[in-house]
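Here is a walk through the fold, the pockets and a few loop residues of one protein. Have the viewer open while you read.

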Amino acid sequence: MKIKTPKESLTILTDMVLPGETNSLHNLFGGELLARMDRACSIAAQRHSNRIVVTASVNHVAFNKAVPVGSVLIIESKVSRAFNSSMEVYADVWTEDRESGEKSKVNEGIYTFVAVDLTGSPVKVPVIKPETELEKERFEGALRRKQLSLILSGKMKPEEADELKALFG
């Protein structure tokens with residue numbers, strides 16, 4: 001199976017925040033942002049695996065700044081690590097200033113997808129080779145995040161989590 005890089009899965013979703021997608025303070029609903037991030041991450045996972053993918057979990061979302069009505073919203077997602085049939089996908093969320101064109105990071109999230117066949121059974125995905133420093137950092141962190149998730153779900157014993165144990169000496 002071919003080794004892929006994160007940039008091969010890069011997905012950029014650009015959209016505008018409309019009044020019907022906002023709360024009483026005229027900021028984008030959190031759930032609306034989650035749905036957009038899920039779509040962008042799903043496409044990135046499909047590009048990496050060349051398969052149907054299903055969302056397995058939303059591992060982390062940080063709502064750092066409100067996104068007001070009229071904002072141009074940019075979601076950049078790419079696979080940060082591939083395991084057997086699952087993929088961790090990182091999403092960075094930006095707004096774009098309409099006058100200067102400058103981008104400001106407002107949110108981020110980490111999703112997990114599983115590649116499946118037409119019957120819904122998990123299938124193997126290509127391994128990933130990070131290239132940039134940020135990709136390498138996210139790649140390394142993905143294994144720790146996976147181990148923590150497995151411990152919290154009862155699927156792994158804490159003493160088996162070598163990557164997490166290494167953090168604490």
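Count the secondary structure and you get 3 helices and 5 strands. Keep in mind that this is a predicted model. Starting at the N terminus, the order of elements is β-α-β-β-β-β-α-α.

For overall dimensions, the C-alpha atoms fit a box of roughly 50 × 40 × 30 Å along the principal axes. The radius of gyration is 17 Å, which agrees with the value near 15 Å that a compact globule of 169 residues would have.

**The sheet and its helix**

How are the strands arranged? The 5 strands make an open sheet, ordered 1-3-4-5-2, with antiparallel pairing. Strand 1 (11-16) and strand 2 (52-63) sit at the edges with a single partner strand each, so one side of each has no neighbour in the sheet. On average, neighbouring strands are turned by 25° against each other, ignoring direction.

Inside that order, strand 3 (residues 72-82) and strand 4 (residues 86-96) are joined by 10 bridges in the antiparallel sense. One place to look is V72, which stands opposite E96 in strand 4. Helix 1 (residues 30-49) packs on this sheet and touches strand 1, strand 2, strand 3, strand 4 and strand 5 (103-116). The direction of helix 1 makes about 45° with that of strand 3.

**Two pockets**

If you're thinking about probe placement, here are the two pockets side by side.

| Item | Largest pocket | Second largest pocket |
|---|---|---|
| Volume | about 480 Å³ | about 180 Å³ |
| Lining | 19 residues | 13 residues |
| Nonpolar / polar / charged residues | 8 / 7 / 4 | 5 / 3 / 5 |
| Top contributor | helix 2, 7 residues | strand 3, 5 residues |

Which residues lie nearest the centre of the largest pocket? They are S57, N59, T112, K146 and S149. Two or more lining residues come from each of strand 2, strand 4, strand 5 and helix 2 (133-152). Helix 2 gives the most, with 7 residues.

In the second largest pocket, the residues nearest the centre are K78, D92, L134, E135 and R138. Here strand 3, strand 4 and helix 2 each supply at least two lining residues, and the largest share, 5 residues, belongs to strand 3. So far as class goes, this lining has 5 charged residues alongside 5 nonpolar and 3 polar ones. The largest pocket, for its part, has 4 charged residues in its lining, together with 8 nonpolar and 7 polar ones.

**Loop residues to click on**

Where does N84 sit? N84 is in the loop between strand 3 and strand 4. Setting aside its neighbours within four places in sequence, N84 is in contact with V123, K124 and V125. The C-alpha atoms of N84 and P126 are 8.2 Å apart, although 42 residues separate them along the chain.

Now for backbone torsions. Most residues other than glycine have a negative phi. H26 has a phi near 65°, a positive value in a residue other than glycine, and H26 belongs to the loop between strand 1 and helix 1. N50 also has a positive phi, near 55°, and again the residue is not glycine. You'll find N50 in the loop between helix 1 and strand 2.

Notes:
Residues are numbered from 1 along each chain as its sequence is written. This is a predicted model: local features need pLDDT of at least 70, side-chain atom pairs count only at pLDDT 80 or more; totals for chains, interfaces and linings use all residues. Side-chain values use heavy atoms; hydrogens and water are left out. Two strands pair if DSSP finds at least two bridges between them. Helices (H or I, at least four residues) and strands (E, at least two) are DSSP runs, numbered from the N terminus. Axes are lines fitted to C-alpha atoms, for helices over the stretch in contact, and angles run from 0 to 180 degrees between N-to-C directions. Contact means heavy atoms within 4.5 Å. On a 1 Å grid over the protein atoms alone, a cavity is a set of points where a 1.4 Å probe fits but cannot get out, and a pocket is an open set with protein on both sides within 12 Å along at least five of seven lines; lining residues have an atom within 4 Å of a point. Grid points are joined across faces, edges and corners, and a volume is the space filled by probe spheres set on the points. Ala, Val, Leu, Ile, Met, Phe, Trp, Tyr, Cys and Pro count as nonpolar, Asp, Glu, Lys and Arg as charged, and the others, Gly among them, as polar. The radius of gyration is taken over C-alpha atoms; the globule rule is 2.2 Å times the number of residues to the power 0.38.
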